[in-house]
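User: Please take a close look at a single part of this structure and describe how it sits among the rest. Give the cut-off behind each term as it comes up.

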Amino acid sequence: MTAALGPSFLDPEHLISTFGLIGILAFVFAESGLLIGFFLPGDSLLFTAGLLVADGTYLRTPLWLMCLLVSVAAVAGDQFGYVFGRRFGPSLFRRPDSRLFKQENLTRAGGFFEKYGARSILLARFVPIVRTFTPIVAGASHMHYRTFLLFNVIGGTLWGCGVTILGYFLGQVTFVKSNIELILIAIVAVSVIPVGIELLRGRRRARSGA
């Protein structure tokens, strides 16, 4: 149905056809709160999952159940990230760069958190990379747990259900089915716009400071 976007092992359809529903939930959990999950294609993965549910390919799970399970996995991933950040936050911020871990990603999430406060937990859901690190920053900053939980549940549900349902209904449109690769590229492009904007703002602020 689709050609791989980037490495074949990150192609959403390849991931779903190989690992099925359990794989989708594992990837959503990892991208939501594990440091190593920031590179996973969360948005395009959920969109493709919704499309495949509508098409009946690989997945036989009802849409309502898919949305429920994905939302639970997303919320659980953020919860893990929060606990991890609360427990290991100080040492994490002092950790040097490695192949998988970049201080830049943590710093970016920290700036996002400082700018939007508690709302960042909800907003970060729709920003790749940032959504992986924001719950960790929230835990390290000792955000009030009930506040975090509230925004986490709302954000995880909106993201998990919203993107999956969008894929489900658009997947039944002939144009979308015929141009799914372009649609996935567009989703990836739109999802990284906020990151690009923040990077440009950061460079402008750095130049102003200099």
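Analyst: In this predicted model, Phe19 is partly exposed, at 47% relative accessibility, whereas Phe27 is buried, at 18%. Buried stands for under 20% relative accessible area, exposed for over 50%, and partly exposed for what lies in between, with a 1.4 Å probe and protein chains only. Residue numbers start from 1 along each chain as its sequence is written, and side-chain values rest on heavy atoms, with hydrogens and water left out. Local features need a pLDDT of at least 70 and side-chain atom pairs count only at pLDDT 80 or more, while totals for chains, interfaces and linings use all residues.

Two rings, then, and their surroundings. A pair of aromatic rings is described by the distance of the centres and the angle of the planes. The structure holds seven aromatic pairs. One of them joins Phe19 and Phe27 edge-to-face, at 5.6 Å centre to centre with 85° between the planes. Rings of Phe, Tyr and Trp (its six-membered ring) pair if their centres lie within 6.5 Å; planes under 30 degrees apart are stacked, over 60 edge-to-face, and the rest tilted. Ring pairs also link Phe29, Phe80, Phe84 and Phe88 into a cluster. Arg87 lies over the face of Phe88, at 4.9 Å from the ring centre; the criterion is NZ of Lys or CZ of Arg within 6 Å of the ring centre and within 35 degrees of the ring normal.

The part to look at closely is helix 6, and the frame around it comes first. The chain has nine helices and zero strands, where helices (H or I, at least four residues) and strands (E, at least two) are DSSP runs numbered from the N terminus. Of its 210 residues, 45% are buried. The chain exposes about 10600 Å², with 67% of it supplied by carbon and sulfur atoms; accessible areas come from the Shrake-Rupley method with a 1.4 Å probe, and for residues only the protein chains shown count as cover. Among contacts with a separation of 6 or more, 77% join residues 24 or more positions apart, contact being heavy atoms within 4.5 Å.

How enclosed is helix 6? In helix 6, 10 of the 11 residues are buried, so it is largely enclosed by the rest of the structure. The buried residues include Val130, Phe133, Val137 and Gly139. Val130, in helix 6, has a relative accessible area of 4% and is therefore buried. Its C-alpha atom is 10.0 Å from that of Glu31, 99 residues away along the chain.

Helix 1 (residues 12–33) and helix 6 (residues 130–140) have axes that come within 5 Å and cross at roughly 60°. The two helices are therefore oblique to each other. On the helix 1 side the contact is made by Glu31, Ser32 and Gly33, and on the helix 6 side by Arg131, Thr132, Pro135 and Ile136. Axes here are lines fitted to C-alpha atoms, for helices over the stretch in contact, and angles run from 0 to 180 degrees between N-to-C directions. Under 35 degrees counts as roughly parallel, over 145 as roughly antiparallel, 65 to 115 as roughly perpendicular, and the rest as oblique.

Ahead of helix 6, Arg125 lies in the loop between helix 5 (119–123) and helix 6. Arg125 is buried, with a relative accessible area of 1%. Beyond its neighbours within four places in sequence, Arg125 contacts Ser32, Ala74, Val75, Asp78, Arg131, Asn152, Gly155, Gly156 and Trp159. Ser32 and Arg131 also take part in the contact of helix 1 with helix 6.

After helix 6, the loop to helix 7 (145–170) holds His142. Phi of His142 is near 60°, a positive value in a residue other than glycine. Most residues other than glycine have a negative phi.

Two residues of helix 7 close the picture. Val163, in helix 7, is buried at 13% relative accessibility. Not counting residues up to four places away in sequence, Val163 touches Asp43, Leu46, Phe47 and Leu158. Gly167, also in helix 7, is buried at 0%, and with the same exclusion touches Phe47, Gly50 and Leu51. The C-alpha atoms of Gly167 and Leu52 are separated by 8.3 Å, 115 residues apart along the chain.
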